[in-house]
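Hi,

Here is the structure I promised to pass on. Have a look at it first, and then read on for what turned up.

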Amino acid sequence: MEGAGYKVVFEKGGVYLHTSAKKHQDPDSLIAGVIRVVEKDSDVLLQWVPVEEAGDSTQILFAKKDVSGGDACTSEEEPTFDPGYEPDWAVISTVRPQPRHSEPTRGAEPSSPRGSWAFSVSLGELKSIRRSKPGLSWAYLVLVTQAGGSLPALHFHRGGTRALLRVLSRYLLLASSPQDSRLYLVFPHDSSALSSSFHHLQLFDQDSSNVVSRFLQDPYSTTFGGFSRVTNFFRGALQPHPEGASPDLPPPPDDEPEPGFEVISCVELGPRPAVERAPPVTEEEWAHHVGPEGRLQQVPMLKARIFSGGLSPGLRREAWKFLLGYLSWEGSAEEHKAHVRKKTDEYFRMKLQWKSVSPEQERRNSLLHGYRSLIERDVSRTDRTNKFYEGPENPGLGLLNDILLTYCMYHFDLGYVQGMSDLLSPILYVIQNEVDAFWCFCGFMELVHGNFEESQETMKRQLGQLLLLLRVLDPSLCDFLDSQDSGSLCFCFRWLLIWFKREFPFPDVLRLWEVLWTGLPGPNLHLLVACAILDMERDTLMLSGFGSNEILKHINELTMKLSVEDVLTRAEALYRQLTACPELPHNVQEVLGLVPPTEPHSPSPPASPLPLSPTRAPPAPPPPEDTAPQPDSSLEILPEEEEEEGEEEESVKS
């Protein structure tokens, strides 16, 4: 398919035109085709050609428009479509592209009705690209030309929108509109054209030619360093004026906050370093860190040892109290004793609150009754194969029940949510003391309580951060998952919700958690643990031809088959590989804890948008009245439907 001055650089089948304005398409209204990016002579073309039902898509080159019958744009027989509903569902633009001569075709004849839909457009003629909302059937792209018309919407039935955008970003600069995160503004790599585009959009109050030249020489530092005010102009200058918004951009949706300015870019990572785990910290080594008055010394070194090797089983009962914040690393032995006495009194006061409620009172307290019923049900099936909890009259089950009910008194707003019993069980198993286990559990919940909030914003944010890391570490795997409708990484939901409690054998969970509790090497090591597992399984996922159902099944079948030491070794190697990258995007640095968050005041940081932000000078934070950006793209972090969120949380039960 290549010849002199002619090269296909991208090809994707399963790209359909929907020629009916109905929401539910019938087979006759769907036109299957192939989308290609072609380098031809000195130009780069984006071409779509239909595939006849009896044709072979691999044998079809490019359809030629039938120009003998006149301009398709002005034909009196050309149908127009008025969908009459959400513009995102518009299937065919009323403005057809100008006919263009292209390569001869084998398969779809130009005179055939389907062949007449073929189009070819130079990338230099594109003005913007609009992506579909998530959850609206197949993902699609709408291409708008400089002339103001739009090409027919391309529906990707087999995925591939992000792969196409990645290829287009080689030839164009794609910038997410500040008013609509699903709209990419297209700028050529030509300096004069880019300057003209910026001038046309009125991004600057001065001549932009010098800015553009510096941008092309050093896009990272210029864009978000000396050129950082682009963000402010995108946030401010493009705001709708009192007399109305610019006709060049679609009005911002009411339900989507401002996403800010992002540039699609790729990151070149260096080689992955070799990592070796150390042996566990022993009681003797711990004793060497205990100084006068029972105070721990050289705490950072001790935490680093726990991170690199974990703890020996006999040491966990004491060390976990420090790792979970129950005891202070700086306190003396006497201070610790006084603290324990105080916390013991506090615990039993809270426990008495629910213990003193009579059955008659509880009948009129539906919230407490609901908590008690849910806790009893969950406790009865938590780690029952562990000797500490096995048997019908096991006292460990009673302690689980009492601690969880007392936590409802401690944290009224959160109460009890399914999955908390999984987090308490290993703590009680190690600590073997009701009061100490309760306060250690409270310390753990301080880290993960957002996972159990009803809004699920914290889980969405973490899945977005995981997707961001995976996109930098392995874009091929990320594209594959996206093509199989698994790009939201929802199959990782349980991993993050209860910190891999169901994925590893019980002793390995203890080792994993104590390493994560050190907070080293950054605040989100659990996300790198998830990346490590996916990295270990990438060949199986990608080479086996798995679809979305098979991917979910395979991930679930990994339960109890993973080695925690192998996973931790790979997770640390991934961290070192990322931090060694000199051009690591700023939002990735935030996830890894290398730089402070740009919006520390935000109670629930947004899920990181898929376009990577350049390394230096993060975008200026939005005005205080603005809400945190929640990008809305076809790579939705987590399905917004309540049923789907419920299904994911329900998977924790099984």
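Where is the place of K561? K561 sits in the loop between α21 (548-556) and α22. Keep in mind that this is a predicted model. K561 has a relative accessible area of 64%, so it counts as exposed. You can also look across to F504: the two are 57 residues apart in sequence, yet their C-alpha atoms are 7.0 Å apart in space.

Now follow the chain from that loop into α22. This helix covers residues 564-579, which makes 16 residues. At 1.5 Å a residue they should span 22 Å, and the end C-alpha atoms are indeed 22 Å apart, so the expected and computed spans agree. The buried residues of α22 are V564, V567, L568, A571, E572, A573, L574, Y575, Q577 and L578. An α-helix has 3.6 residues a turn, so residues three or four places apart point the same way. What do the buried residues of α22 pack against? Their partners are α7 (299-309), α15 (457-473), α18 (506-517), α19 (525-536) and α23 (586-592).

Zooming out, the protein chain has 24 helices and nine strands. Of its 654 residues, 54% count as buried. If you take the contacts between residues at least 6 apart in sequence, 70% of them join residues at least 24 apart. The chain exposes about 29300 Å², with 51% of that supplied by carbon and sulfur atoms.

Next, the strands. β8 (residues 172-176) is mostly covered, with five of its five residues buried. In a regular strand the side chains alternate between the two faces of the sheet. Here L172, L174 and S176 point one way from β8, while L173 and A175 point the other way. The partner is β9 (residues 183-188), which pairs with β8 in the antiparallel sense over five bridges. Within that pairing, L173 stands opposite F187 of β9. The two strands form a hairpin, with six residues between them.

Then there is the nonpolar packing. In soluble globular proteins, nonpolar side chains tend to be buried together. The largest nonpolar core in this model has 114 residues, and the members that touch the most others are M420, I427, F452 and V529. Helix α14 (residues 434-448) gives the most to this core, with 10 residues. F452 is a good one to click on: beyond its neighbours within four places in sequence, its contacts are L414, V417, Q418, G419, M420, L423, M445, L497 and I498. There is also a second, separate core of 29 residues, with L46, W48, V121 and L126 among them.

Last, the cysteines. How many disulfides does the count come to? It comes to zero. Two cysteines show why. For C440, the closest cysteine sulfur belongs to C442 and lies 9.2 Å away, too far for a bond. C440 has a relative accessible area of 0%, so it is buried. For C478, the closest cysteine sulfur is in C531, at 9.5 Å, which is again too far for a bond. C478 is buried too, because its relative accessibility is 1%.

Over to you!

Conventions: Residues are numbered from 1 along each chain as its sequence is written. This is a predicted model: local features need pLDDT of at least 70, side-chain atom pairs count only at pLDDT 80 or more; totals for chains, interfaces and linings use all residues. Side-chain values use heavy atoms; hydrogens and water are left out. Helices (H or I, at least four residues) and strands (E, at least two) are DSSP runs, numbered from the N terminus. The expected span of a helix is 1.5 Å times one less than its number of residues. Buried means under 20% relative accessible area, exposed over 50%, partly exposed in between (1.4 Å probe, protein chains only). Contact means heavy atoms within 4.5 Å. Two strands pair if DSSP finds at least two bridges between them. A nonpolar core is a set of buried Ala, Val, Leu, Ile, Met, Phe, Trp, Tyr and Cys residues joined through side-chain atoms within 4.5 Å. Accessible areas come from the Shrake-Rupley method with a 1.4 Å probe; for residues, only the protein chains shown count as cover. A disulfide is a pair of cysteine sulfur atoms within 2.5 Å.
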